[in-house]
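Trainee: I have a model open and I'd like to learn how to read it feature by feature. Can you walk me through it?

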Amino acid sequence: MEYVFELDVSGKVEGVVETLLQLHRASCLDKLGDQTAMITAILQSRLARTSFDKNRFQSVSEKLHMECKAEMVTPLVTNPGHVCITDTNLYFQPLNGYPKPMVQITLHDVRRIYKRRHGLMPLGLEVFCTEDDLCSDVYLKFYERQDRDDLYFYIATYLGLVSPVPPEHHVAERTAEGYTLQWQRGLLSNYQYLLHLNTLADRSCNDLSQYPVFPWVIGDYSSSELDLSNPGTFRDLSKPVGALNKERLERLLTRYQEMPEPKFMYGSHYSSPGYVLFYLVRIAPEYMLCLQNGRFDNADRMFNSIAETWKNCLDGATDFKELIPEFYGDDVSFLVNSLKLDLGKRQGGQMVDDVELPPWARSPEDFLQKSRDALESDYVSEHLHEWIDLVFGYKQKGRDAVGAHNVFHPLTYEGGVDLNSIEDPDEKVAMLTQILEFGQTPKQLFVTPHPRRITPKFKSLSQPSRYNASTADTPGEESFEDLTEESRTLAWSNITRLQLHEQHRIHKEAVTGIAVSRSGSSVFTTSQDSTLKMFSKESKMLQRSISFSNMALSSCLLLPGDATVVSSSWDNNVYFYSIAFGRRQDTLMGHDDAVSKICWHDNRLYSASWDSTVKVWSGVPAEMPGSRRHQFDLLAELEHDVSVDTISLSAASTLLVSGTKEGTVTIWDLTAATILHQIPCHSGTVCDTAFSPDSRHVLSAGADGCLNVVDVQTGMLISSMTSEEPQRCFLWDGNSVLSGSQSGELLVWDLLGGKIRERIQGHTGAVTCMWMNDQCSSVITGGEDRQLMFWKLQY
């Protein structure tokens, strides 16, 4: 055969012919390794003879930062060329001018960047200019890891990702845990959350060997109506596809037990280039033809029907595939043969055309809409964490994977083979090809069980008890409760508008504790100057100063009824002071070292100490005001390895969280006095801890400047933010945080957005303690500067 090509540009014929002859010589070599080596050498030679055309810069004032060689990754093909980054733009100039002469991205538009593993090597970099889109703006693969890392660092520095505190208007570097918190609290849909997890796990629409993977969630493809309120409509998300059919699983397990090491349950994967193109053949036929040497698959094996595909995944001996994100998108083109492709004739005689939909779908658009509704349904929201455990989490590999029947071929796992140890170039190329076509398990994102989503059904069961402790009988009380809740929400949404109202210096050393009477008229404070003081907010006068010993007092609280103040001291004791009688009512000599923090709920006192314990005491209030109490019964002793610096109770007081001087946060179940979770959270002292109002999360602040959120159910660290200095104390509503800094500033944090929203100038030394009223409209802070500051929200 003879082929005639006509070039658009004259004078380039010799260069084209020379290149064609070189490539022809390479293709005639016997060994695959030699062919690959020669083509690589030709390419590198061409790249070395060319450089980036700086006339392409958007502006003459742009300053060049770095230039290097790279390839732009698209499905099945990578285009070599030159990368150039300036102070304002990122450019890629393909060597062959395809798909366009220049790709240009303004750095200011970048929202997310990710380092990528491409072809099992840490050489990729993907750049997104949107927050929620599936496809990136450019995916680059570098020849040198250092080039990739330098470029990442430059863009990250520009975006404020690698400076100690991200500038407020820039994006924060996203982690899986950060997205988990947003998803749990309903700010991300199930679709968006899965999209972000895929991106973080190296899955990209530009890489067919690591295409985003989404779950089958519907299990009913035969009914005329889809009932999303019936759990039977859905697939069991706690099992991999291969374990959904009990009989097939038993056969696979028998084979697995007889297999020599390394054993695997499934010979094929749930995601591979072949499976992706199986679904996308109608919109990307050229990729399928490229993958299958110019032919479409057998007509009966094509993507003909949704119900058939699901049935094959349930019953087929080697079919365990999951879905792709297109099943939950809004583009129906992958279901419709709009290109009128000749995809062959099935055994029954019918031509392969549009994909056959289930009876409950009236049209392709209706099918996608109902699939989206199913993905966002209550059932899936309550069980999606189980599927995440299998694909991105702790059941992905190891003993837990075996227990969950989730074991694939060793080559499908990251680190399954060390390509650098293979010296034979032919064997190396063959192995890499096998890995890329076989399917790859996503990068593991979680090593502990994934927390479940907070759905409205569960939310109503776990409202903070202190907010609804007085069960309302009259409509008036009920509406008052609603108003209080509303005022809290409004207050926290305006928390950045906190303004200093007045300030007073009533102590000689740092203020350590603040307690306020229910009426708000009397403020009690403790200090390292060893005194408990009573200050009148109305007369702005110091009313009392009490000294129990000559050692520092560490915290204080008011007992219900406002008749007694309790103070903890560095002299190992807890003191009870009667306000009405103006005298010490009792002393609890409870510890062998300083008492660092006390809490009270329902006639129980909780005391934390540097003697490495937290003790729980029963303390029945005195019958008569002023009468002495003689008995404190020790109900429980919670042992730690080192000093305990802070404790906090959950809303219903069934859980307690403690923080130690070595950075460990421990969540205790008080009903059984046992540890639920022990999390090494901080490098240094834990300064403060608190449960969220719904008791689902714990926030801790440490001397390392970190604010960390832990999921109470699983013990998983799901969010971490850093400031350049320790946050000594804080208040929070589950989403926003008001913290007191070492420098004296008050910081407002948006945990879900991952940024600091406001810095409010406050004390001249560290902020050491904070108090907030029930309506969240007024705040009192105490500091190392001995000041007591009164703040009010200005709406």
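Mentor: Sure, let's begin with a helix. The buried residues of H4 are Ala176, Gly178, Tyr179, Thr180, Leu181, Gln182, Trp183 and Gln184. Keep in mind throughout that this is a predicted model.

Trainee: Why is helix H4 described as largely enclosed by the rest of the structure?

Mentor: Count its buried residues: eight of the nine in H4, which spans 176–184, are buried, so the rest of the structure largely encloses this helix. The cover over those buried residues includes two helices, H5 (190–200) and H11 (378–391). Strands E5 (112–118), E26 (697–702), E27 (706–711) and E28 (717–722) are also part of that cover. Just after H4, have a look at glycine 186, whose phi is positive, about 85°.

Trainee: Which residues have the most contacts inside the largest nonpolar core?

Mentor: Those are Phe303, Phe327, Trp387, Ile388, Phe392 and Phe446, in a core of 99 residues. Helix H11 gives the most to this core, seven residues. Beyond four places in sequence, tryptophan 387 touches Leu194, Val213, Phe214, Pro215, Arg235, Leu237, Glu322 and Phe392. There's also a second, separate core of 24 residues, with Met72, Leu90, Ile105 and Leu159 among them.

Trainee: How many disulfides does the structure hold?

Mentor: Zero. To check a pair, look at the distance between sulfurs: the cut-off is 2.5 Å. The closest cysteine sulfur to that of cysteine 205 belongs to cysteine 135, at 3.8 Å, which is too far for a bond. Cysteine 205 is buried, at 9% relative accessibility. For cysteine 706, the closest cysteine sulfur is in cysteine 681, 9.1 Å away, again too far for a bond. Cysteine 706 is buried as well, with a relative accessible area of 15%.

Trainee: Is methionine 772 buried or exposed?

Mentor: Buried, because its relative accessibility is 16% and the cut-off for buried is under 20%. Methionine 772 sits in strand E33, residues 767–772. Leaving out neighbours within four places in sequence, its contacts are Trp492, Ile495, Leu731, Ser778 and Val779. From methionine 1 it is 771 residues away in sequence and 85 Å away in space, C-alpha to C-alpha.

Trainee: Where is the pLDDT below 50?

Mentor: One such stretch is residues 163–172, which has 22 contacts in the model beyond near neighbours in sequence. Residues 457–481 also stay under 50, with 24 contacts beyond four places in sequence. Where pLDDT is low, don't read the predicted coordinates in detail. For the chain, the average pLDDT is 89, and 93% of the residues score at least 70.

Key: Residues are numbered from 1 along each chain as its sequence is written. This is a predicted model: local features need pLDDT of at least 70, side-chain atom pairs count only at pLDDT 80 or more; totals for chains, interfaces and linings use all residues. Side-chain values use heavy atoms; hydrogens and water are left out. Buried means under 20% relative accessible area, exposed over 50%, partly exposed in between (1.4 Å probe, protein chains only). Helices (H or I, at least four residues) and strands (E, at least two) are DSSP runs, numbered from the N terminus. Contact means heavy atoms within 4.5 Å. pLDDT is the predictor's confidence in each residue, from 0 to 100. A nonpolar core is a set of buried Ala, Val, Leu, Ile, Met, Phe, Trp, Tyr and Cys residues joined through side-chain atoms within 4.5 Å.
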